[in-house]
Amino acid sequence: MDFLHGALDDDLVGLGLTPCGGSATEPSIGQCIDQAAPFVVPDTLTIDVTGAAGFPNGRALADPVIDVTLALILLDLSVHDVTLFATLPLNPPANDAPFSASFPYLATAW
């Protein structure tokens, strides 16, 4: 994680974002680990069938998993929402074909 922050924190700050782990002069990667570890270690999905589907309660096919994971690892979540990267216009707004309502749910492969 130190490598990621060493490579990206100045870019995040340049974009007006607050990286987790303190400032560039006084880094504290412990904050990043504390906020990310419960969700990424161990690499499992927990599911509460009485709750809504989606992070952190399992995941839905359309969930922006990588965007949320990167925000969880890189951003100070006391300042920014975990879905911040998912709201940026860098990604397609939806899947190229609609998901099916029945198993196997995915569109036919290209």
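Here are some short exercises with worked solutions on this predicted model.

**Exercise 1. Describe the overall build of the chain.**

Step 1: Start with the secondary structure. The chain has three helices and zero strands, and along the sequence the pattern reads α-α-α.

Step 2: Add the dimensions. The C-alpha trace spans about 50 × 30 × 20 Å along its principal axes.

Step 3: Look at burial and surface. Of the 110 residues in the chain, 23% are buried. The accessible surface comes to about 7800 Å², and carbon and sulfur atoms hold 65% of that area.

Step 4: Turn to the contacts. Among those with a separation of 6 or more, 48% join residues 24 or more positions apart.

**Exercise 2. Find the largest nonpolar core, and say which helix gives the largest share of it.**

Step 1: Recall the background. Nonpolar side chains tend to be buried together in soluble globular proteins.

Step 2: List the members. The largest nonpolar core holds 11 residues: Leu12, Leu17, Ala36, Val68, Ala71, Leu72, Ile73, Leu74, Leu75, Val82 and Phe85.

Step 3: Assign the share. Five residues of this core come from α3, the largest share.

Step 4: Follow one member through its contacts. Leaving out residues up to four places away in sequence, Leu12 touches Leu17, Pro19, Leu74, Leu75 and Phe85.

**Exercise 3. Decide whether Asp76 is buried or exposed, and name its contacts.**

Step 1: Locate the residue. Asp76 sits in the segment after α3.

Step 2: Apply the cut-off. Buried means under 20% relative accessible area. Asp76 has 11% relative accessibility, so Asp76 counts as buried.

Step 3: Name the contacts. Not counting residues up to four places away in sequence, Asp76 touches Thr18, Pro19, Cys20 and Gln31.

**Exercise 4. Characterise the two largest pockets by volume and lining.**

Step 1: Take the largest pocket. Its volume is about 430 Å³. The lining of the largest pocket has 20 residues, and Phe39, Thr44, Leu45, Phe55 and Gly58 lie nearest the centre.

Step 2: Trace that lining to the helices. The elements giving two or more residues are α2 (29-40) and α3 (65-74). With four residues, α3 gives the most.

Step 3: Sort the same lining by class. It divides into 12 nonpolar, five polar and three charged residues.

Step 4: Repeat for the second largest pocket. This pocket encloses about 290 Å³ of space. Its lining has 14 residues, with Ala62, Pro64, Pro92, Pro93 and Ala94 nearest the centre. By class, the lining of the second largest pocket has 10 nonpolar, two polar and two charged residues.

Technical notes
Residues are numbered from 1 along each chain as its sequence is written. This is a predicted model: local features need pLDDT of at least 70, side-chain atom pairs count only at pLDDT 80 or more; totals for chains, interfaces and linings use all residues. Side-chain values use heavy atoms; hydrogens and water are left out. On a 1 Å grid over the protein atoms alone, a cavity is a set of points where a 1.4 Å probe fits but cannot get out, and a pocket is an open set with protein on both sides within 12 Å along at least five of seven lines; lining residues have an atom within 4 Å of a point. Grid points are joined across faces, edges and corners, and a volume is the space filled by probe spheres set on the points. Ala, Val, Leu, Ile, Met, Phe, Trp, Tyr, Cys and Pro count as nonpolar, Asp, Glu, Lys and Arg as charged, and the others, Gly among them, as polar. A nonpolar core is a set of buried Ala, Val, Leu, Ile, Met, Phe, Trp, Tyr and Cys residues joined through side-chain atoms within 4.5 Å. Buried means under 20% relative accessible area, exposed over 50%, partly exposed in between (1.4 Å probe, protein chains only). Contact means heavy atoms within 4.5 Å. Accessible areas come from the Shrake-Rupley method with a 1.4 Å probe; for residues, only the protein chains shown count as cover.
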